[in-house]
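Please load the model in a viewer and keep a selection tool at hand. The tour below proceeds from stop to stop, each with a selection to make and a description of what is found there.

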Amino acid sequence: MSSKEGQTVIEFRDVVRTYGEGEALQYAVNHINFTIDKGEFVVILGQSGAGKSTVLNMLGGMDQPTEGEVIIDGATISNMRDKQLSDYRAEKIGFIFQFYNLIPTLTAYENVALTKSIVKNAASADEMLAAVGLADHKDKFPSQLSGGEQQRVSIARALAKKPQIILGDEPTGALDSETGVIVLELLQKLGKEHGNTVVIVTHNADIAKCADKVIRMKNGKISEIVINENSLPVREVEW
Ligand SMILES: Nc1ncnc2c1ncn2[C@@H]1O[C@H](COP(=O)(O)OP(=O)(O)OP(=O)(O)O)[C@@H](O)[C@H]1O
């Protein structure tokens, strides 16, 4: 089902995340609500400290709200205990980080193949590396790959889990613009061609032009949600 048909897979209901107590109480996320449909390419945009990573961490089941509900594919993950949450992360979520988080002593192939030890039915590492255009680099170590190639290995690793949802925290933050374009094109294609829901956090407003939905955050609140009926192909954005 395409995003236009609107099957909700992610819902934040009145979510709050605070840190500290008493006079030191701080709202990292302050009563926010949004939904994301299957296959959407969503950008969470906002300045440093706006609460973007906190949202992404709750979405990925790495952190829990202080109040409110996070509902993924009909399941309230904000009520889940550790074991259930860990299964949720393993089954449904692929993560991509700004600094790739590859294991330096393993080759590209081994970094992706490692997924097999975490999830049953992981996709073949060869296939995933081919999908990101790195079949010829599979035996290289991360230090022998460029930043963009390392990020593509990390996308191959995330995809090997066959996750429903891909989360990225500044996935192009460490890349030059041409390499960033290659990585973003890959992410945009995942929703359009494979039905993956992709949510990335960034402070780069240009990236938002390629998104189906932009959730703009300020001081822990959502200041605006924009649906881009005519999101641009990554190549058409001036970088
Ligand atoms: N573990 C923590 N303990 C205390 N305060 C925290 C913690 N994590 C986040 N915060 C605070 O919550 C607020 C939101 O942080 P968050 O990392 O979500 O922002 P962000 O929009 O992702 O920023 P950046 O773009 O700089 O990563 C910040 O003021 C931050 O200092």
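In which loop, and between which two strands, is aspartate 73 found? Select residues 67 to 76 in this predicted model: aspartate 73 is in the loop between strand E4 (67-72) and strand E5 (75-76).

**Stop 1: two residues with positive phi**

Display the backbone of aspartate 73. Its phi is near 55 degrees, a positive value in a residue other than glycine. Most residues other than glycine have a negative phi. Aspartate 73 counts as partly exposed because it has 16 C-beta neighbours inside 10 Å, and burial would require 20 or more.

Next, select lysine 162, which has its place in the loop between H5 and E7. Lysine 162 also has a positive phi, of about 50 degrees, although it is not a glycine. With 17 other C-beta atoms within 10 Å, lysine 162 is partly exposed.

**Stop 2: helix H5**

From lysine 162, step back to H5, residues 147-160. How far apart are the end C-alpha atoms of H5? They are 20 Å apart, and this agrees with the 20 Å that 14 residues should span at 1.5 Å a residue.

Colour H5 by burial. The helix is mostly covered, as 12 of its 14 residues are buried. Among the buried residues are Val153, Ile155, Ala156 and Leu159, together with Glu149, Arg152 and Arg157. To see what the buried residues of H5 pack against, show strand E6 (93-96), helix H3 (108-113), helix H4 (125-131), strand E7 (165-169) and helix H6 (177-194).

**Stop 3: the nonpolar core**

Which residues have the most contacts inside the largest nonpolar core? Select Val42, Val43, Ile44, Val112, Leu129, Ala156 and Val199; the core they belong to has 63 residues. Helix H5 gives the most to this core, with six residues.

Centre the view on valine 43, in strand E3 (residues 41-45). Valine 43 has 26 other C-beta atoms within 10 Å and is therefore buried. Leaving out residues up to four places away in sequence, valine 43 touches Ile200, Thr202, Ile207, Ala208, Ala211 and Val214. A distance label between the C-alpha atoms of valine 43 and valine 201 should read 5.8 Å, although the two are 158 residues apart along the chain.

Now move to isoleucine 44. With the same sequence neighbours left out, isoleucine 44 touches Lys52, Val55, Leu56, Val199, Val201, Ile215 and Met217.

**Stop 4: helix H6**

Select residues 177-194, helix H6. The end C-alpha atoms of H6 are 25 Å apart, in agreement with the 26 Å that its 18 residues should span at 1.5 Å a residue. Its buried residues are Gly180, Val183, Leu184, Leu186, Leu187, Gln188, Leu190 and Gly191. What covers them includes E3, H5, E7, strand E8 (197-202) and helix H7 (205-208). Just after H6, glycine 195 takes a positive phi of about 75 degrees.

**Stop 5: the ligand**

Which residues lie around the ligand? Select Tyr19, Ala28, Gly46, Ser48, Gly49, Ala50, Gly51, Lys52, Ser53, Thr54 and His203. This shell divides into three nonpolar, seven polar and one charged residue. Helix H1 (residues 52-59) provides the largest share of the shell, three residues. Lys52 appears here again, having been listed among the contacts of isoleucine 44.

**Stop 6: partly exposed sites**

Select isoleucine 225, in strand E10 (residues 221-227). Is isoleucine 225 buried or partly exposed? Isoleucine 225 is partly exposed, with 13 other C-beta atoms within 10 Å. Apart from its neighbours within four places in sequence, isoleucine 225 is in contact with Phe34, Lys213 and Ile215. Its C-alpha atom is separated by 5.6 Å from that of valine 214, 11 residues away along the chain.

Then go to glycine 133, in the loop between H4 and H5. Glycine 133 is likewise partly exposed, with 13 other C-beta atoms within 10 Å. From glycine 133 to threonine 179 the C-alpha distance is 13 Å, and the two are 46 residues apart in sequence.

**Last stop: the annotated span**

Finally, select residues 10-238, which an unreviewed UniProt entry annotates as "domain: ABC transporter". The span is 30% helix and 28% strand, and its end C-alpha atoms lie 30 Å apart.

Technical notes
Residues numbered from 1 in each chain as written. Predicted model: local features only at pLDDT ≥ 70, side-chain atom pairs only at ≥ 80, totals over all residues. Near = placed C-beta within 6 Å. Helix = DSSP H or I, 4+ residues; strand = E, 2+ residues; numbered from the N terminus. Nonpolar A, V, L, I, M, F, W, Y, C, P; charged D, E, K, R; others polar. UniProt positions renumbered as here; feature names shortened; annotations may be inferred. Core = buried A, V, L, I, M, F, W, Y, C linked by C-beta atoms within 7 Å. Contact = placed C-beta atoms within 7 Å. Expected span 1.5 Å × (residues − 1).
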